[in-house]
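Visitor: I should be grateful for a close look at a single part of this structure. Please describe one helix, together with the side chains that it places in contact with other parts.

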Amino acid sequence: MSNAITARGVKLVERVLHSRTLTRAPIWVYRAGLGFVFGSRMLMLEHIGRRTGATRYVVLEVIDHPDPDSYIVASGFGTRAQWFKNVQANPQVKISAGGRRSVPAEARHLTTAEADAALQSYIARHPGAWSALKPAIESTLGESVSEHDTTLPMVLFSLR
C-alpha cells in the first residue's frame, strides 16, 4: 500500500511541477510583498531571459542557506530548466526571500563536491521531504540522483 501511495504522491508532484498555473502562483505572493510567509525555505528569483532580455521570475526551494547572504537551490529539471540556462548566461540576478525584496545577487554553479555537501546537508535536515521529492526529481531529470557525485545541478546565489 505504501508503494501505491508513494507512486500517487510522485505523480501528484510531477503534475504540480508541470502545471504553469500552480508553479507560478507563489510569484504573485512575492509580488504582493508577502514572500515572508515562505520563510527562508523558498525564494523568488528575478532573472533576465537569455534570448529575449525580458525579466523572468521563478520561485525555487532553498536547499541550503549557509550564511545570511547566500542561498543554494537545485535545478529539479536539470540543466534544461529555463531559469538555470538564463542564470548561466547572465549571473546578475535579484532575490526575494523572507523579508528581503528584489536584492541584487550573483549566481554561481556549484562544483560536484559543493553540490554533494549541500545535498547531504539537505537530506540530513529534511529526510522526509527528500524521500518524497527524490522520486519526482529523478523522474524530471530522467536519471538517478545520488548524494555522492550528484548530477543534480545546484546554484549558489550570493547577495551583493
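Guide: The part chosen here is helix α3, which spans residues 82-89 and contains Lys 85. The model is a predicted one.

Lys 85 may be taken as the starting point. With a relative accessibility of 31%, Lys 85 is classed as partly exposed, because that class lies between the buried limit of under 20% and the exposed limit of over 50%. Together with Arg 50, Arg 51 and Arg 80, Lys 85 makes up a positive surface patch.

The aromatic residues come next. Trp 83 and Phe 84 are both buried; for Trp 83 the relative accessible area is 9%. The structure contains four aromatic pairs. One of them joins Trp 83 to Phe 84 in an edge-to-face arrangement, with 5.9 Å from centre to centre and 80° between the planes.

Trp 83 also pairs with Phe 157: the ring centres are 6.4 Å apart and the planes meet at 45°, so this pair is tilted. Because Trp 83 belongs to helix α3 while Phe 157 belongs to strand β6 (residues 154-159), the pair ties together parts separated by 74 residues in sequence. Phe 157 is buried as well, its relative accessibility being 0%. Trp 83, Phe 84 and Phe 157 thus belong to one aromatic cluster.

In summary, Lys 85 of helix α3 contributes to a positive surface patch, whereas Trp 83 and Phe 84 are buried and form one aromatic cluster with Phe 157.

Conventions: Residues numbered from 1 in each chain as written. Predicted model: local features only at pLDDT ≥ 70, side-chain atom pairs only at ≥ 80, totals over all residues. Heavy atoms only, no water. Patch = residues over 30% accessible without salt bridge, like charges linked within 9 Å, V, L, I, M, F, W, Y side chains within 5 Å. Areas by Shrake-Rupley, 256 points an atom, 1.4 Å probe, with all protein chains shown as cover. Salt bridge = Lys/Arg side-chain N within 4 Å of Asp/Glu carboxyl O. Lys, Arg positive; Asp, Glu negative; His and termini not counted. Charge placed at Lys NZ, Arg CZ, Asp CG, Glu CD. Helix = DSSP H or I, 4+ residues; strand = E, 2+ residues; numbered from the N terminus. Buried < 20%, exposed > 50% of the residue type's maximum accessible area, 1.4 Å probe, protein only. Phe/Tyr/Trp six-rings, centres within 6.5 Å; stacked < 30°, edge-to-face > 60°.
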